[in-house]
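Biologist: Can you pull up the structure so we can go through it together? I have not looked at it before.
Modeller: Here it is.

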Amino acid sequence: MRQLNQSGWMHNRCRMIVASFLVKDLICNWQMGEQKFMEHLVDGDIAANNGGWQWSASSGMDPKPLRIFNPHTQTQKFDPLCKYIKYWIPELSKVNNSDIITGDILKSERKNYPDPVINHSSQQRLFKSLYAEI
Ligand SMILES: Cc1cc2nc3c(=O)[nH]c(=O)nc-3n(C[C@H](O)[C@H](O)[C@H](O)COP(=O)(O)OP(=O)(O)OC[C@H]3O[C@@H](n4cnc5c(N)ncnc54)[C@H](O)[C@@H]3O)c2cc1C
């Protein structure tokens with residue numbers, strides 16, 4: 001989100017990860033994210049943005065409700081050396097890559113970077129149970 005706020009752009013992989021996180025980890029309405037993106041994206045496009053958010057929220061084209069992006073495995077796969085993360089979060093520049101990937105970062109190493117707001121596994125279970133009620 002720092003990249004979006006500071007540069008007005010974000011790679012497609014990150015757009016999918018943050019969209020999944022907002023909807024399926026934080027259990028928030030995708031339209032909040034759609035609006036935030038339109039306020040900041042230099043390439044903001046109503047059709048592509050709406051399509052991207054609804055795809056990520058599983059309410060649009062190709063709805064795979066249980067397509068939930070795991071932030072840890074996504075980092076492992078697409079930023080294994082944590083170059084992207086350490087560039088946009090310099091507070092973590094001295095932290096071991098494996099700790100960043102698992103999210104197990106000691107408070108002393110955080111340099112005021114906030115604690116995780118949720119636990120991905122428990123939120124994933126919550127999302128699936130809520131979705132099962134629909
Ligand atoms: C939640 C979410 C929101 C998005 N919001 C927007 C948006 O507001 N505007 C936007 O143009 N794209 C949006 N996208 C699609 C995609 O992320 C961007 O088009 C792409 O990241 C732009 O970077 P680029 O120009 O380097 O793309 P490149 O990969 O170089 O692609 C070149 C062009 O192809 C088109 N394109 C590529 N991927 C997609 C895609 N998945 N959907 C539609 N068009 C695509 C774009 O016009 C892009 O500029 C969104 C995707 C998601 C998951």
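**Ligand and helices**

Modeller: An oxygen atom of the ligand is 2.7 Å from an N or O atom in the side chain of Asn 12. Keep in mind that this is a predicted model.

Biologist: Which ligand atom does the backbone of Asp 43 lie 2.8 Å from?
Modeller: A nitrogen atom of the ligand; the atom on the Asp 43 side is a backbone N or O.

Biologist: How much of the ligand does the protein bury?
Modeller: The protein buries 53% of the 810 Å² that the ligand exposes when taken alone.

Biologist: And which elements give two or more residues to the shell around the ligand?
Modeller: Those are α2 and α4, the latter covering 46-57.

Biologist: Which residues come nearest to the ligand?
Modeller: Of the 14 around the ligand, the nearest are Asn 12, Arg 15, Asp 43, Asp 45 and Asn 49. By class, the shell has seven nonpolar, four polar and three charged residues.

Biologist: What about Trp 9?
Modeller: Trp 9 has a polar side-chain atom 3.4 Å from an oxygen atom of the ligand.

Biologist: Changing topic: how do α2 and α8 cross?
Modeller: Their axes cross at roughly 65 degrees and come within 9 Å. Helix α2 spans residues 12-25, and helix α8 spans residues 120-132.

Biologist: Which residues meet there?
Modeller: From α2, Val 23, Lys 24 and Asp 25; from α8, His 120, Gln 123 and Phe 127.

Biologist: How do the residues of that contact divide?
Modeller: Into two nonpolar, two polar and two charged.

How values were computed: Residues are numbered from 1 along each chain as its sequence is written. This is a predicted model: local features need pLDDT of at least 70, side-chain atom pairs count only at pLDDT 80 or more; totals for chains, interfaces and linings use all residues. Side-chain values use heavy atoms; hydrogens and water are left out. Axes are lines fitted to C-alpha atoms, for helices over the stretch in contact, and angles run from 0 to 180 degrees between N-to-C directions. Helices (H or I, at least four residues) and strands (E, at least two) are DSSP runs, numbered from the N terminus. Contact means heavy atoms within 4.5 Å. Ala, Val, Leu, Ile, Met, Phe, Trp, Tyr, Cys and Pro count as nonpolar, Asp, Glu, Lys and Arg as charged, and the others, Gly among them, as polar. A residue is near a molecule or strand if one of its heavy atoms lies within 4 Å of it. A polar contact is a pair of N or O atoms within 3.5 Å; within protein, one must be able to donate a hydrogen and the other to accept it, and residues adjacent in sequence count only if both atoms are side-chain atoms. Accessible areas come from the Shrake-Rupley method with a 1.4 Å probe; for residues, only the protein chains shown count as cover.
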